[in-house]
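Work through the exercises below with the sequence and the model open. Each task is followed by a stepwise solution.

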Amino acid sequence: MNERDRPIRLFQFPRMFDIPNLSPFCCKLETWLRIAGIPYVVEDTRNPRKGPRGKLPFIDDDGQVVADTTIIIDHLKRTRGIDPDAGLDPSQRATALLVQRTLEEHYAFVLAYTHLIRDEGRRHTEGRFDALPSFMRPLVSGLVRKQVAKILWFQGLSRNTHEEIVEAALRDWRAVLAMMSSGPFFFGAEPSSIDATVFATLASTVLTPIDTPIRTYLRSQPGCLDYAERMRSRYFPELSAAPAMALSA
């Protein structure tokens, strides 16, 4: 089998809603694989402790286990000889890095707060534990919430008020949208790796029924929802016919 045709095994959280993954990092990697045209098979994994770094996603590439989305993508670019970023100029590469850092090293913590800590999010995401026996669900759910709350406290986000967290998230998105082209992709006519990152964080925010002020703001911005739906339709056509519930509220 040709090296490029050999599928990798992708270990990630099971799907929720009509998006590739509620986790922006799992969603990012699976979207990147489809942009790059690299075949893969998904191994649904509910426990991130099974990952080599205690996190999801990770891959098994013919026996080589690789974790962390950035490291995984660099590994696949090198081993498969596929690079969606080959046509980017130095300025675009710098912009992509700044956008990635904004969304992955700040806004991703906001998503954990809105989706896993706040009651508005938890009532939708508690379904993550449906595979467990009913008597275990409250215990496991409580332990996970405490763990996420601890991470957000040490990271610093949850030391702020709710209003401060929301305003900081809106600043993130104002900055990102100011650098985004009119499409169809982030830099214009061709997709690149940053589209996987932007789509992943947008999908978790605007294509789920979890109602937040951030979702309301983004859905009001010209072209923002269109971009998210266009990316979903192009790369995940099996998910693009989302029910009305997921796109309302």
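**Exercise 1.** How do the residues of the lining of the largest pocket divide into nonpolar, polar and charged?

Solution. Note the ground rules first. This is a predicted model, where local features need pLDDT of at least 70, side-chain atom pairs count only at pLDDT 80 or more, and totals for chains, interfaces and linings use all residues. Residues are numbered from 1 along each chain as its sequence is written, and side-chain values use heavy atoms, without hydrogens and water.

Step 1: find the pocket. A pocket is an open set of points on a 1 Å grid over the protein atoms alone, with protein on both sides within 12 Å along at least five of seven lines. The largest pocket has a volume of about 1600 Å³.

Step 2: list its lining, meaning residues with an atom within 4 Å of a point. There are 40 such residues, and F13, P48, L116, R128 and V148 are the closest to the pocket centre.

Step 3: sort by class. The split is 23 nonpolar, 9 polar and 8 charged.

**Exercise 2.** Which element gives the largest share of the lining of the second largest pocket?

Solution. Step 1: this pocket has a volume of about 300 Å³. It is lined by 16 residues, with K77, D85, A96, Q100 and S193 nearest its centre.

Step 2: α1, α2, α3 and α7 each give two or more residues to this lining. The largest share, 5 residues, comes from α3.

Step 3: by class, the lining has 6 nonpolar, 4 polar and 6 charged residues.

**Exercise 3.** Which residues line the largest cavity?

Solution. Step 1: a cavity is a set of grid points where a 1.4 Å probe fits but cannot get out. The count is 1 cavity of 30 Å³ or more. The largest has a volume of about 50 Å³.

Step 2: read the lining. It consists of P24, F25, K28, L103, E104, A108, T197, A200 and T201. Helices α1 (24-36), α3 (90-117) and α7 each supply at least two of the residues.

**Exercise 4.** Why is the pair of F199 and F236 stacked?

Solution. Step 1: rings of Phe, Tyr and Trp (its six-membered ring) pair if their centres lie within 6.5 Å; planes under 30 degrees apart count as stacked, over 60 as edge-to-face and the rest as tilted.

Step 2: the centres of F199 and F236 lie 6.3 Å apart with planes at 20°, so the pair is stacked. F199 sits in helix α7 (residues 193-206) and F236 in the segment after α9 (224-235), 37 residues apart.

How values were computed
Helices (H or I, at least four residues) and strands (E, at least two) are DSSP runs, numbered from the N terminus. Grid points are joined across faces, edges and corners, and a volume is the space filled by probe spheres set on the points. Ala, Val, Leu, Ile, Met, Phe, Trp, Tyr, Cys and Pro count as nonpolar, Asp, Glu, Lys and Arg as charged, and the others, Gly among them, as polar.
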